[in-house]
Amino acid sequence: MAGQTVVLRPTTAAHVPRFLEVLSHPEVAKWWGGYDLERVRRELLGPQGYAVELHGEVVGLIIYYEEDDADHRHAGLDLALHPDAHGQGLGADAMRTMARFLFEVRGHHRIVIDPAAHNERAIRSYTRVGFRPIGIMRDYERRLDGSWHDGLLMDLLPADLD
């Protein structure tokens, strides 16, 4: 899938070393901590995972999940970019590209994302795409040190997509 700048390619085993490199960078690991080789293979490879590429180089990853219950059908997203790729609009481009796919091809009517409530960079990026804050989920996610932090639930409808 081609965005304005990035290309999203289905994940393969060849992506695993680069994904580990991205996720182990301290600026990424504080949000995506705890990924080792087995967890990357188990959670990030497969039909719902995509490598984010810029000029043929993997700069990050994006994954989605789907709720298939007809009365609650929606998709959720997660994105991680190497810090060298931050500040260039690549995350927003990847999000827009995946959102269009989820709306137009997969038939979803709503997409959610749940960044850490204090991850201001991610929240600004998602807001540029059209995601709107819904509310704070208190003590939502555990950090590597065992402490809990709040998450911000955001959603996107087709009409909101920028």
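This passage describes salt bridges, the largest pocket and selected residues of a predicted model. Residues are numbered from 1 along each chain as its sequence is written, and side-chain values use heavy atoms, with hydrogens and water left out. Because the model is predicted, local features need pLDDT of at least 70 and side-chain atom pairs count only at pLDDT 80 or more, while totals for chains, interfaces and linings use all residues.

A search of the whole structure for salt bridges, each defined as a side-chain nitrogen of Lys or Arg within 4 Å of a carboxyl oxygen of Asp or Glu, finds 10 of them. In one of these, the side chains of E53 and R9 meet with an N to O distance of 2.8 Å. As E53 lies in strand β2 and R9 in strand β1 (residues 7-10), the pair ties together parts that are 44 residues apart in sequence; helices (H or I, at least four residues) and strands (E, at least two) are here DSSP runs, numbered from the N terminus. On the scale used for accessibility, buried means under 20% relative accessible area, exposed over 50%, and partly exposed in between, with a 1.4 Å probe and protein chains only. E53 is accordingly buried at 10% relative accessibility, whereas R9 is partly exposed at 40%.

A salt bridge also joins E66 and R106, whose closest N and O atoms are 2.8 Å apart. Since E66 belongs to strand β3 (residues 57-67) and R106 to the loop between α4 and β5 (111-113), this pair ties together parts that are 40 residues apart in sequence. E66 is buried, with a relative accessible area of 18%, while R106 counts as partly exposed at 33%. Both residues take part in a network of salt bridges that links E66, D68, R73 and R106. Within helix α2, E27 and K30 are three residues apart and therefore separated by about one helical turn, and their side chains meet in a salt bridge of 3.4 Å, N to O. E27 is partly exposed at 40% relative accessible area, and K30 is likewise partly exposed, at 49%.

D93, in helix α4 (residues 90-104), is buried yet has no salt bridge, the nearest side chain of opposite charge being that of R96, 5.2 Å away; for this purpose Lys and Arg count as positive and Asp and Glu as negative, and His and the chain ends are not counted. A polar atom of the D93 side chain lies 2.9 Å from the backbone nitrogen of Q4. When neighbours within four places in sequence are left aside, D93 is in contact (heavy atoms within 4.5 Å) with G3, Q4, T5 and V6.

G49, in strand β2 (residues 49-54), is buried, with a relative accessible area of 3%. Beyond its neighbours within four places in sequence, G49 is in contact with R9, P10, T11, L44, I62 and I63.

The largest pocket, a pocket being an open set of points on a 1 Å grid over the protein atoms alone, with protein on both sides within 12 Å along at least five of seven lines, has a volume of about 1000 Å³, where volume is the space filled by probe spheres set on the points, joined across faces, edges and corners. Its lining, made of residues with an atom within 4 Å of a point, comprises 44 residues, of which W31, W32, L79, N119 and Y126 lie nearest the centre of the pocket. The elements giving two or more residues to this lining are α2 (26-32), α3 (37-44), β4 (74-81), α4, α5 (120-129) and β6 (132-142). The largest share, seven residues, comes from α5.

Key: A polar contact is a pair of N or O atoms within 3.5 Å; within protein, one must be able to donate a hydrogen and the other to accept it, and residues adjacent in sequence count only if both atoms are side-chain atoms. On a 1 Å grid over the protein atoms alone, a cavity is a set of points where a 1.4 Å probe fits but cannot get out, and a pocket is an open set with protein on both sides within 12 Å along at least five of seven lines; lining residues have an atom within 4 Å of a point.
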